[in-house]
Each structure stands twice: as C-alpha cells, then as structure tokens.
Amino acid sequence: MNLIPLIILFCIAFALQYLLTFLQMKSFMGSYRSLRQKGRVAIGKAKGAFRAGAIAMFAIDGSGNILEGSCLQGVTVFARARNLKGFEGMDVGALCQEDCKKMRLSGPITKAVLEASSNYRILMAGGELKEEPAPLAKAADALKHLVVRHAET
C-alpha cells in the first residue's frame with residue numbers, strides 16, 4: 001500500500017486546521033481589541049473537552065461597570081466572537097446566576113460570565129488567578145501518579 005496519498009491528506013488536514021484556528025484567533029483578538037479600546041477587560045472561560053467551551057469578555061470602566069460584552073462559544077474552530085448584550089451598566093463583580101438566567105444564556109456562556117466576575121473580584125482584592133490544568137494535562141498527571149505508585153510497590 002502506498003502511504004504517500006495518506007501523508008498528503010494528513011498534511012492538507014493539518015494545514016486546514018491551522019488556517020481555521022488562525023481565523024478563529026483573529027476573530028477573538030479583534031473582539032478583544034475592540035473592548036480594550038473602551039477600557040479594562042474582564043475575561044472568563046469555560047473549558048469544554050468534548051462539549052462546547054466558551055469565553056466571555058467585558059469592557060469595564062474604572063468603577064467596574066460593564067460598558068460592552070462579547071462572547072465566543074463552540075466546539076470547533078468555526079466559533080466566532082459575537083456581542084453579549086444585556087449586561088451594560090451592571091457591576092461586573094456583582095454578576096450572578098440569576099442575571100444569566102434572565103438573559104437565557106447557555107450553560108458554558110453562563111459559566112464563563114460567572115468566571116469573569118470571579119476573576120475581577122479576585123484581582124481587585126489583590127489576589128492571583130490560578131489556572132486550572134487542561135483536560136489532557138489532568139489525564140497525563142493521573143497517569144503519572146499511577147505509574148509512580150506502581151513503581152513504589
């Protein structure tokens with residue numbers, strides 16, 4: 001069996017994935033830049049390994065009031081940034097689950113909005129944000145601990 005067509009197909013798929021990821025990042029960065037021009041930006045994310053993930057961003061004024069919001073949600077690289085309306089004038093540090101329910105947001109976007117609120121409160125209190133490991137990193141750590149435990153016995 002000739003592997004050259006398979007290798008060429010793999011290279012084309014890799015290049016297409018790279019291009020689509022680049023376009024998604026361009027959309028995200030354009031939205032971030034637009035918000036950043038209005039003021040500071042509070043960002044929250046909801047990771048989704050095999051489900052839709054989401055990112056919520058809010059441009060805020062010096063008092064923490066939301067000027068404008070944007071979100072990105074999806075499973076694939078086809079997800080694009082879009083406006084997140086309804087939060088204008090609200091205090092980003094006081095957002096709660098009920099606020100998200102009133103606006104009928106999806107679960108991942110709700111989680112991202114609440115994380116943006118939490119991140120803002122932590123940073124304003126002088127704290128430091130802790131990054132949760134990605135799902136693949138968690139699996140690798142679990143496997144590492146399993147191998148170490150097995151080697152010790």
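Here is a walk through this structure, from its overall layout down to a few individual residues. Keep in mind as you look around that this is a predicted model.

Start with the fold. The protein has four helices and four strands, and reading from the N terminus the order is α-β-β-β-β-α-α-α. In other words, one helix leads, the strands follow in a row, and three helices close the chain.

Next, the overall dimensions. The C-alpha trace covers about 65 × 45 × 25 Å along its principal axes. The radius of gyration is 20 Å, whereas a compact globule of 153 residues would come in near 15 Å. Burial can be put in numbers too: 26% of the 153 residues count as buried. As for the surface, about 10,500 Å² is exposed, with 64% of that coming from carbon and sulfur atoms. On the charge side, there are 20 positive and 12 negative side chains, and the centres of these two sets sit 6 Å apart. If you're curious about topology, take the contacts with a sequence separation of 6 or more: 48% of them link residues 24 or more positions apart.

Now go to the N-terminal end. Leu-3 sits in the segment before helix 1, which runs over 4-36. Its relative accessibility is 48%, so Leu-3 counts as partly exposed; the exposed class begins over 50%. For a sense of scale, pick Ala-94 as a partner: Leu-3 and Ala-94 are 91 residues apart in sequence, and their C-alpha atoms are 58 Å apart in space.

Moving on to the strands, have a look at the loop between strand 2 (53-60) and strand 3 (66-74), where you'll find Asn-65. Asn-65 is partly exposed because its relative accessible area is 27%, and buried would require under 20%. What does Asn-65 touch, once residues up to four places away in sequence are set aside? The list is Ala-59, Ile-60, Gly-89, Met-90 and Asp-91. By contrast, take Met-29, which is 36 residues from Asn-65 along the chain: the two C-alpha atoms are separated by 22 Å.

Past the strands, the loop between helix 2 (97-102) and helix 3 holds Arg-104. The backbone is worth a glance here, since Arg-104 has a phi near 55°, a positive value in a residue other than glycine. Arg-104 counts as exposed because its relative accessible area is 78%.

Helix 3 spans residues 107-124, and Asn-119 is part of it. Is Asn-119 buried or exposed? With 14% relative accessibility, it falls under the 20% cut-off, so Asn-119 counts as buried. Beyond its neighbours within four places in sequence, Asn-119 is in contact with Ile-43, Gly-44 and Leu-129.

That leaves helix 4, residues 135-152. From first C-alpha to last, its 18 residues reach 26 Å, close to the 26 Å expected at 1.5 Å a residue. You can check this from the end residues: Pro-135 and Glu-152 are 17 residues apart along the chain, and their C-alpha atoms are separated by 26 Å. How many of the residues in helix 4 are buried? The count is zero, and the helix is hardly covered. Glu-152, which belongs to helix 4, is exposed because its relative accessible area is 63%.

Note on methods
Residues are numbered from 1 along each chain as its sequence is written. This is a predicted model: local features need pLDDT of at least 70, side-chain atom pairs count only at pLDDT 80 or more; totals for chains, interfaces and linings use all residues. Side-chain values use heavy atoms; hydrogens and water are left out. Helices (H or I, at least four residues) and strands (E, at least two) are DSSP runs, numbered from the N terminus. The radius of gyration is taken over C-alpha atoms; the globule rule is 2.2 Å times the number of residues to the power 0.38. Buried means under 20% relative accessible area, exposed over 50%, partly exposed in between (1.4 Å probe, protein chains only). Contact means heavy atoms within 4.5 Å. Accessible areas come from the Shrake-Rupley method with a 1.4 Å probe; for residues, only the protein chains shown count as cover. Lys and Arg count as positive and Asp and Glu as negative; His and the chain ends are not counted. The place of a charge is taken as NZ of Lys, CZ of Arg, CG of Asp or CD of Glu. The expected span of a helix is 1.5 Å times one less than its number of residues.
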